[in-house]
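User: I'm in my first year and I'd like a close look at one part of this protein: the aromatic rings and how they pair up. Could you walk me through that slowly, and then show me what sits around them?

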Amino acid sequence: MVTKVKNKFYITTPIYYVNDQPHIGHAYTTIVADVLARYYRQKIGKENVYFLTGTDEHGAKVAESAALKNISPQKFTDQISQQFKDAWQNLAITNDDFIRTTESRHQKIVVNILNKLKAVKTPAGNEVLYETDYEGLYCVGCEKFILESELVDGKCPDHNKEPEQVKEKNWFFKLADYLSIIQQKIESDELTIYPKARKNEVLGLIKQGIPDFSISRSKKSVPWGIDLLWDKNQKAYVWVDALSNYITALDYPKGKLYQKFWPADIQLMAVDILKFHTLYWPAILLALDIPLPKILAIHGFFTINGQKMSKSLGNVVHPDELVKEYGAEVTKYLILSQFSFGSESDIKVEEFPNKYNADLVNGLGNLVNRITKMVEEYLKGKIKIDDLENISLKIGTEEMIEQLNFKEALFKIWARIQDCDTAIDQDKPWILAKSKNIKDQEKLKSVLGKYIKDLYIISINLKPFMSETAAKILKIITASKIKKPATPLFPRK
RNA sequence: CGCGGGGUAGAGCAGUUGGCAGCUCGGCAGGCCCAUAACCUGCAGGUCGUGGGUUCAAAUCCCACCCCCGCAACCA
C-alpha cells in the first residue's frame, strides 16, 4: 500500500452534510486530500490531478433545520455550503471542484443514473430496483421515521408523542445480488480497503448479511430532494443522490473529466460512512457497469482531550478558530502531526501551543534564523551552492505520504531539522569564522553550504504540507544575498 | 450477548516479516554563544494490562482472562 499512481490522480473527500458547520473532522479529511493532491501535482503535473470535495444538501434534516430558521431549504443550504467553502479557503485547500447536490449539473445526472438503474438487471437476472414496503415508526411531529432506539419511554423525545407504525412503499436496491462480487473484489484488493482492519470489518459485515437499501422515500418523509421520474410520490433517498457526486462532478458519462479521471485513485472518508462507501457505492457502480474506485481509505474519529467530540458536550473544534490563532499552514501541521490516519486519535488542544513552539518556533524557524544569520555575517550573505538541482531530495517523506502516514512523513522532515542543528553544534562555524587560516575559511564555506542545502531539502519535502512556508524559505536561501529574515518565520507565542 | 478499537517511561504515542524496548514533550545535570531565553550532549524513568503456551528468541504468534473507549444523537 498504498497509492500507485501513473499518469493521473483523482482524489475525493466525502461531500459533507450541511446540517452543521465545518469542524475539525471535516477539516482533517480535507487537509489529507489536499496534501495528497499537492504531492501528486508536484509529481505528475498539475493537469493530471483532480481533487473534488463538496456538500450533501438534501434530506429531511436539512428541510427541518431550514424550517427552524424560517428560511427556504435552498437558502439554508446556500449559507452552510458557503461556510464550508470559506473554511477550505481559509485553510488554503486546493480543491479543483466543489460540488453541491442541489446544483442542476448534479441533479440532472442523478436523474439519468436513477433511470438507468431502473432499467437494468442484476447479474442474477433480477431488477436492480424493486418496490416494497418500508415499515417503521413515524413521528407526526417530526414528520419523519424514527428508530426505536431514539425513543424515550416509547415516545419521541422532541415531541413527547408516541410514534405511529407506518408502512410506505419505497424503491429498494437489490444489494444482495452484488455482495459476493464485491466481497471477492475486496478480498483480492482489486477494491482496496485501507487500513486492513477496516477491510476485515467490511468483510465481517458482509458475512453478517447486509439488507438491501432503499433508494427512495415518500415526499412527505423526505420533502427536500430529487424526484423519481417514474414514481411521482417518491424522492431519491440519500444513497444514490449523494454517492454519485463522485461521478456527476466529472460530468458522467460523456464528460472529458470523466473520461480522463475515473476511476478514482483514492476516496477518503471517516469510519461513519464506511458501509455506504464500501458496499452501497460499489454496488451502484457495478449495476451501472462503471469501474470501481481503486482505494477507499478510512480514517478514525477524533477525540478531543480524551472525550468524544459532540455538540452536546460542547467540545467541537472548528477549523476557523485554529486558523485564526495559527494561520492555515500551522493548523495543517498541528493536525497532521498529531493524528494517525488509520486509528482513532486524541487531539489535545491545550498541547497545540507547546507543539507550535517546540516544532515550528524552536525547530524550523530557529534553524532558518541561525543559518541565514551566519551566512549573512560571516560571508556577507554570499555563498556559492553547486547545482541544487542535482542533490538528492529523498529523505523518505515520499514513501510515507504515499502510505498516508503523514505523521511519519513530517517526522522525517523534522529529523532532518534536528540533524542539521546537531551538525551546526559540532562544526562550530562561529569558531571557524574567527580563524584566519585558509583551511578554516574553506571549511566554513563548505559547512554553511551544507546547511543551506539542508534547508533546501527540508523546504522541498515540506511543500505538500506547508507550501507557503517552503516558498518563503526557498526565496530566502536562493536570494543573491542571503539575509536573516527581518521577522521570524514563526513568532513565539 | 455480540461487533470494532485500545491497554508500552510522569504525559502523549511508534514499534512493519518474532531478533538488544524506542520517539516527542516534561524532569535532572552539563555544554554552546550562530540563533526566536532558542540549540547540542548526557542521565533518570518501563514486571510492554494479567496468567499460560509455542520458540534458541515474544511488545510482536496462539489460548484464556481483566480493564478502558465506541457501536444513541450531532458527525469526518
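Analyst: Here is a walk through the aromatic rings, followed by the charged pairs and one helix.

Keep in mind that this is a predicted model, so what you see is computed. As a backdrop, chain A has 493 residues, and 55% of them count as buried. Its secondary structure comes to 18 helices and 16 strands.

Now the rings. A pair of aromatic rings is described by the distance of the centres and the angle of the planes. Searching the whole structure turns up 24 aromatic pairs. Take Tyr10 and Tyr50: their ring centres are 6.1 Å apart and the planes meet at 45 degrees, so this pair is called tilted. Why not stacked or edge-to-face? Because stacked needs planes under 30 degrees apart and edge-to-face needs over 60, with the rest counting as tilted. Tyr10 belongs to strand β1 (residues 9–17) and Tyr50 to strand β2 (residues 49–56), so the pair links distant parts of the chain, 40 residues apart. Both Tyr10 and Tyr50 are buried.

Next, look at Trp239 and Phe276. These two are stacked, with 4.0 Å from centre to centre and 25 degrees between the planes. This pair also links distant parts of the chain: Trp239 is in helix α7 (residues 238–243), Phe276 is in helix α10 (residues 274–288), and they are 37 residues apart. Buried or exposed, what is Trp239? Its relative accessibility is 15%, so Trp239 counts as buried. Phe276 has a relative accessible area of 18%, so Phe276 is buried too; the cut-off for buried is under 20%.

Trp239 and Phe276 also belong to a bigger picture. Ring pairs join them with Phe173, Tyr178, Phe213, Tyr237 and Tyr280 into a cluster. Try clicking through those residues and you can follow the links from ring to ring.

Rings can have a charge as a neighbour as well. Lys174 lies over the face of Tyr130, 5.3 Å from the ring centre. In another spot, the charged end of Lys493 sits over the ring of Tyr356, at 5.4 Å from its centre.

That brings us to charges paired with charges. Side chains of opposite charge can pair when their charged atoms come close. The structure holds 19 salt bridges. One of them joins Asp78 and Arg100, whose closest N and O atoms are 2.7 Å apart. Asp78 lies in helix α3 (residues 73–90) and Arg100 in strand β3 (residues 97–100), so the bridge ties together parts that are 22 residues apart in sequence. The two partners don't sit in matching surroundings: Asp78 is partly exposed at 33% relative accessibility, whereas Arg100 is buried at 12%.

Another salt bridge runs between Asp227 and Lys235, with the closest N and O atoms 2.9 Å apart. Here Asp227 is partly exposed, with a relative accessible area of 37%, and Lys235 is buried, at 10%. A further one links Asp359 and Lys355, with closest N and O atoms 3.0 Å apart. Both are in helix α13 (residues 352–379), and because they are 4 residues apart, about one helical turn separates them. In this case Asp359 is the buried partner, at 14%, and Lys355 is partly exposed, at 27%. Salt bridges can also form a network, as with Lys8, Asp265 and Lys294.

For a residue that is neither aromatic nor charged, try Asn245 in helix α8 (residues 245–248). Asn245 is buried, with a relative accessible area of 0%. Leaving out residues up to four places away in sequence, Asn245 touches Ile15, Leu52, Ile99 and His106.

Last stop: helix α18 (residues 467–477). Its buried residues are Thr469, Ala470, Ile473, Leu474, Ile476 and Ile477. Seen down the axis of α18, these buried residues fall within an arc of 160 degrees, so they line one face of the helix. On the other side of α18, Glu468 and Lys475 are exposed. And what covers the buried residues? The cover includes α12 (328–338), α13 and α17 (438–462).

Methods. Residues are numbered from 1 along each chain as its sequence is written. Chains are lettered from A and ligands numbered from 1 in the order in which they are written. This is a predicted model: local features need pLDDT of at least 70, side-chain atom pairs count only at pLDDT 80 or more; totals for chains, interfaces and linings use all residues. Side-chain values use heavy atoms; hydrogens and water are left out. Rings of Phe, Tyr and Trp (its six-membered ring) pair if their centres lie within 6.5 Å; planes under 30 degrees apart count as stacked, over 60 as edge-to-face and the rest as tilted. Helices (H or I, at least four residues) and strands (E, at least two) are DSSP runs, numbered from the N terminus. Buried means under 20% relative accessible area, exposed over 50%, partly exposed in between (1.4 Å probe, protein chains only). A charge sits over a ring if NZ of Lys or CZ of Arg is within 6 Å of the ring centre and within 35 degrees of the ring normal. Contact means heavy atoms within 4.5 Å. A salt bridge is a side-chain nitrogen of Lys or Arg within 4 Å of a carboxyl oxygen of Asp or Glu. The arc is that of the directions from the helix axis to the C-beta atoms.
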